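Here is a quick tour of a protein–DNA model for anyone new to reading structures. Take a look at the sequence and the 3D view first.

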2 protein chains.
Amino acid sequence: MEATAVTWAVLGLLSQRARSGYDIKNAVDRTIRHFWAASYGQIYPELKRLEAAGWIEGADAANGGRARREYRITAAGRQALADWLHGTETRIELRDESLLRLFFADRLPAEEALGLLRARREGYGAMLAYLRSLDDGSGTPDPPFVDLVYRWALDYCAWGIEWCDRQEQRLTSR
Amino acid sequence: MEATAVTWAVLGLLSQRARSGYDIKNAVDRTIRHFWAASYGQIYPELKRLEAAGWIEGADAANGGRARREYRITAAGRQALADWLHGTETRIELRDESLLRLFFADRLPAEEALGLLRARREGYGAMLAYLRSLDDGSGTPDPPFVDLVYRWALDYCAWGIEWCDRQEQRLTSR
DNA sequence: TAGTGCATGTAATGCGTTACATGATTTC
DNA sequence: GAAATCATGTAACGCATTACATGCACTA
């Protein structure tokens, strides 16, 4: 099947355990949203495509009297996921409006331009607070690479804050 | 007018000097593409919208016998740009397929999972090489904040490389 | 004279979000 | 009884890329 951007997020989450579309959306929001968002408008159609391809199987799972369709990954799905995981193409792409503002900040009086740098610092701080709020403190340790990606986000924010501080000092000390 | 994502990139570049659509595309690719891409399919329609709003003015600029339409920013346009620059809302968003792979790397044998970390490191290295290739070595110093954003990208890559090295050590030393 | 660069633009397509519609169940 | 949560889905819209169409001018 034709893999799109959302394919691997959904398939990967189903490789951890069987889930409903609703579960997947929650898992995305709790764990990978800060580097890979996905909405219902992508997830539900993708589940049907994945099922048609034979990479997952859906089954009606009674849940009280509440309708619920739970999907589990198939052997073919695991294979497809493994193939994707072996891909190494790594192009780093960002879309960062705060950087765009900074880029044009020479149009502003010096003090206001520095304000944009401080605002960026605050942005990193807010993301850090958000990331920490994701840690439910359950004490259950995550698998090593799940933990690794969480660390990446924390470390990235910490680095970003330091970077803004350093640059502000450099720019004001002249 | 209704500002979209590409509005500020185009208007900001025109605040530096008058340019054609073609010039704008080149400037985007040379200076801001790594954090804010834009294609012809966005730039040319946007120029018409900006002109209709009175934020820029186009004039046919003879260039040999070659047709060329050059746009310059108006006073209203400068004001609009300044208003946008004063916005401080800073949400950091990424879409990073390499992080998504790492997140699911627990599905792989340990050695292959570490390979993904190394591939990420290579990705940072490639971006660094690309960024350095953008420096034309003309010696003409950039305005402070243009330079600042360029430094950000360089520093981010350097940090990313160190981070991957550190994490690889941490994961192998157990 | 062939290739590269300058120059303008549009159409088709794809990706992704937002908003909406619907309704059952659980918790306070 | 109200509010939150579980649950599934679609339609409309907007943003962005890709591919294409066109043609002149300069340079090797």
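Which residues are buried in H1(B)? They are B:Thr7, B:Trp8, B:Ala9, B:Val10, B:Leu11, B:Gly12, B:Leu13, B:Leu14 and B:Ser15. Here, buried means under 20% relative accessible area, exposed means over 50%, and partly exposed is in between (1.4 Å probe, protein chains only). Helices (H or I, at least four residues) and strands (E, at least two) are DSSP runs, numbered from the N terminus.

Before going on, some ground rules: this is a predicted model, where local features need pLDDT of at least 70 and side-chain atom pairs count only at pLDDT 80 or more, while totals for chains, interfaces and linings use all residues. Residues are numbered from 1 along each chain as its sequence is written, chains are lettered from A and ligands numbered from 1 in the order in which they are written, and side-chain values use heavy atoms, with hydrogens and water left out.

Back to that helix. Nine of the 10 residues of H1(B), residues 7–16, are buried, so this helix is largely enclosed by the rest of the structure. What do its buried residues pack against? Their partners include helix H5 (97–103) of chain A, and helix H2 (21–32) and helix H4 (75–86) of chain B.

**The DNA side**

Now for DNA strand D. It is surrounded by 23 residues, and the closest are A:Asn63, A:Arg66, A:Arg68, B:Ser39 and B:Gln42. Sugar and phosphate make up 72% of the strand D atoms that come within 4 Å of the protein. That 4 Å, between a residue's heavy atom and the strand, is also the cut-off for "near". The surface near strand D splits into seven nonpolar, nine polar and seven charged residues, and its largest share, four residues, comes from H3(A).

Here are some distances to phosphate oxygens of strand D; a polar contact is a pair of N or O atoms within 3.5 Å.

| Residue | Atom on the protein side | Distance to phosphate oxygen |
|---|---|---|
| A:Arg69 | polar backbone atom | 2.9 Å |
| A:Arg95 | side-chain N or O atom | 3.0 Å |
| B:Gln42 | polar side-chain atom | 2.5 Å |

**Two copies**

How do the protein chains relate? A turn of 180° and a shift of 0.0 Å along the axis lay chain A on chain B with an RMSD of 0.1 Å. That is the relation of a two-fold axis. In chain A, the C-alpha nearest the axis belongs to A:Leu94, 2.8 Å away from it.

Methods
Contact = heavy atoms within 4.5 Å. Polar contact = N/O pair within 3.5 Å; in protein donor to acceptor, adjacent residues only side chain to side chain. Nonpolar A, V, L, I, M, F, W, Y, C, P; charged D, E, K, R; others polar. Least-squares fit on C-alpha atoms with pLDDT ≥ 70 in both.
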